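This report looks at pockets and nonpolar cores. Keep the sequence and the 3D view at hand.

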Amino acid sequence: MKNFSKLALTAAIMVCSTGASAQLPTTKILTLDVAQIIASEAVAKCRADGYKVTVLVVDAGNIPKALFRDDGAIPVTPEVAKMKATTTILNDRPSGPRTPPPPGTPAAPAVIPGTINAQGGVPIKVDDVTIGAVAVSGASAGGDAACANAGIAKAAAKLK
């Protein structure tokens, strides 16, 4: 009976230990390699479309992982890309107005300091979890977002 009690206690401890470790969450992170793939492809797409841009890729904490400023991109583009990335991470959706304003009407200004109400920031997701954002600045309206999406599409196989 004594050995049975020890055996039962040992089995219970093993079951509890295994159950506790199985409950730890697994976290997907944006790696430097994937960030560079996204940034490189976004720049390539914008170059092919005739734009000189800056591309910023940040992780889920809005910390830069990759910053590519193409030759000829105007000096303000890195700051605008940072504001687009911040907007995307804070709102967990693409930057820019939720509903596009009527043609010819400017978008409302951003209300949170360090953000901007302009398109070009796109969340980087694994399943439904945002692991970062890519922001492009320097292309025409809609061009920034197209380049950002091209970068994410290039890395899609690694975002699983």
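What volume does the largest pocket have? In this predicted model, the value is about 200 Å³. The lining of this pocket includes Pro 97, Pro 100 and Pro 101. Ala 107 also lines the largest pocket, as do Asn 117, Ala 118 and Gln 119. Ala 139, Ser 140, Ala 141, Gly 142 and Asp 144 complete the list.

The second largest pocket holds about 170 Å³ of space. Its lining has 13 residues. Closest to the centre are Asn 91, Ala 110, Val 111, Thr 115 and Asn 117. Asn 117 is also in the lining of the largest pocket.

The table sets out volume and lining class for each pocket.

| Pocket | Volume | Nonpolar | Polar | Charged |
|---|---|---|---|---|
| Largest pocket | about 200 Å³ | seven residues | four residues | one residue |
| Second largest pocket | about 170 Å³ | seven residues | five residues | one residue |

Now the cores. The largest nonpolar core has 24 residues. Those with the most contacts inside this core are Ile 38, Val 55, Val 57, Ile 124, Val 134, Val 136 and Leu 159. At least two core residues come from each of helix 2 (32-48), strand 1 (54-59), strand 3 (121-126), strand 4 (129-137) and helix 4 (143-154). Helix 2 supplies the largest share, seven residues.

Which residues does Ile 38 touch, leaving aside neighbours within four places in sequence? Ile 38 is in contact with Val 57, Ile 124 and Val 134. Gly 151, Ile 152 and Ala 155 are also contacts of Ile 38.

A second core is separate and has seven residues. Among them are Val 58, Ala 85, Ile 89 and Ala 135.

Technical notes:
Residues are numbered from 1 along each chain as its sequence is written. This is a predicted model: local features need pLDDT of at least 70, side-chain atom pairs count only at pLDDT 80 or more; totals for chains, interfaces and linings use all residues. Side-chain values use heavy atoms; hydrogens and water are left out. On a 1 Å grid over the protein atoms alone, a cavity is a set of points where a 1.4 Å probe fits but cannot get out, and a pocket is an open set with protein on both sides within 12 Å along at least five of seven lines; lining residues have an atom within 4 Å of a point. Grid points are joined across faces, edges and corners, and a volume is the space filled by probe spheres set on the points. Ala, Val, Leu, Ile, Met, Phe, Trp, Tyr, Cys and Pro count as nonpolar, Asp, Glu, Lys and Arg as charged, and the others, Gly among them, as polar. A nonpolar core is a set of buried Ala, Val, Leu, Ile, Met, Phe, Trp, Tyr and Cys residues joined through side-chain atoms within 4.5 Å. Buried means under 20% relative accessible area, exposed over 50%, partly exposed in between (1.4 Å probe, protein chains only). Helices (H or I, at least four residues) and strands (E, at least two) are DSSP runs, numbered from the N terminus. Contact means heavy atoms within 4.5 Å.
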